[in-house]
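This report goes through one protein model, starting from a single strand and working outward. The sequence and structure are shown below.

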Amino acid sequence: QVQLVESGGGLVQAGGSLRLSCAASGRTFGISDMGWFRQAPGKEREFVAAIRWSGSITSYADSVKGRFTISRDNTKNTLYLQMNSLKPEDTAVYYCARGFRLATMTSWGQGTQVTVSS
């Protein structure tokens, strides 16, 4: 079972950047597809990005394509989300999770808050 701890969130002005990290414990990180989703207050969970276990294939929501980059370091059991050109509508709690599609993502952590001011 993979246990996940997200970090790197914070308050940033529109146009700024943040890098989220997700530290994973357990033996299966390196063979697990991983992803990020977010949830804003009063809204449903929204898929952000995902990456195959090998890192060879990535997927992005249209709303973040070209601005966000997902990556992973299997030697460090860590998943990343580089977020550039942030917009106020990116404000949400960001979660990393095991899985490639939102409907099948499991084992998410406690989340990290990202707030983008205009």
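## Strand β1 and its two faces

In this predicted model, strand β1 has a covered face made of Leu-4 and Glu-6, while Gln-3, Val-5 and Ser-7 make up its uncovered face. In a regular strand, side chains alternate between the two faces of the sheet. The strand covers residues 3-7.

β1 pairs with strand β3, residues 18-25, in the antiparallel sense. Five bridges join the two strands. One of the residues on the uncovered face, Ser-7, has Ser-21 of β3 as its bridge partner.

## Glu-6, a buried acid

What does the buried side chain of Glu-6 lack? Glu-6 has no salt bridge. The nearest side chain of opposite charge belongs to Arg-45 and is 11 Å away, whereas a salt bridge requires a side-chain nitrogen of Lys or Arg within 4 Å of a carboxyl oxygen.

Which backbone nitrogen does the side chain of Glu-6 reach at 2.9 Å? One is that of Cys-96. The backbone nitrogen of Gly-111 also lies 2.9 Å from a polar atom of the Glu-6 side chain. Both distances fall within the 3.5 Å limit for a polar contact.

Leaving aside residues up to four places away in sequence, Glu-6 touches Ser-21, Cys-22 and Trp-36, among others. Its contacts also include Tyr-94, Tyr-95 and Cys-96, as well as Trp-108, Gly-109, Gln-110, Gly-111 and Thr-112.

## Val-93 in strand β9

Val-93 lies in strand β9, which runs over residues 92-98. Not counting residues up to four places away in sequence, Val-93 touches Phe-37, Arg-38 and Gln-39, and also Gly-111, Thr-112 and Gln-113. Gly-111 and Thr-112 appear among the contacts of Glu-6 as well.

Val-93 and Ala-50 are 43 residues apart in sequence. From C-alpha to C-alpha, they are 16 Å apart in space.

## The whole chain

How many helices and strands does the protein have? There are zero helices and 10 strands, and the pattern along the sequence is β-β-β-β-β-β-β-β-β-β. The radius of gyration is 13 Å, close to the 13 Å that the globule rule gives for 118 residues, so the protein is as compact as a globular protein of that length.

Along its principal axes, the C-alpha trace spans about 40 × 25 × 20 Å. Of the 118 residues, 44% count as buried. Among contacts with a separation of 6 or more, 57% are between residues 24 or more positions apart.

Note on methods. Residues numbered from 1 in each chain as written. Predicted model: local features only at pLDDT ≥ 70, side-chain atom pairs only at ≥ 80, totals over all residues. Heavy atoms only, no water. Helix = DSSP H or I, 4+ residues; strand = E, 2+ residues; numbered from the N terminus. Buried < 20%, exposed > 50% of the residue type's maximum accessible area, 1.4 Å probe, protein only. Lys, Arg positive; Asp, Glu negative; His and termini not counted. Polar contact = N/O pair within 3.5 Å; in protein donor to acceptor, adjacent residues only side chain to side chain. Contact = heavy atoms within 4.5 Å. Pairing = 2+ DSSP bridges. Rg over C-alpha atoms; globule rule 2.2 N^0.38 Å.
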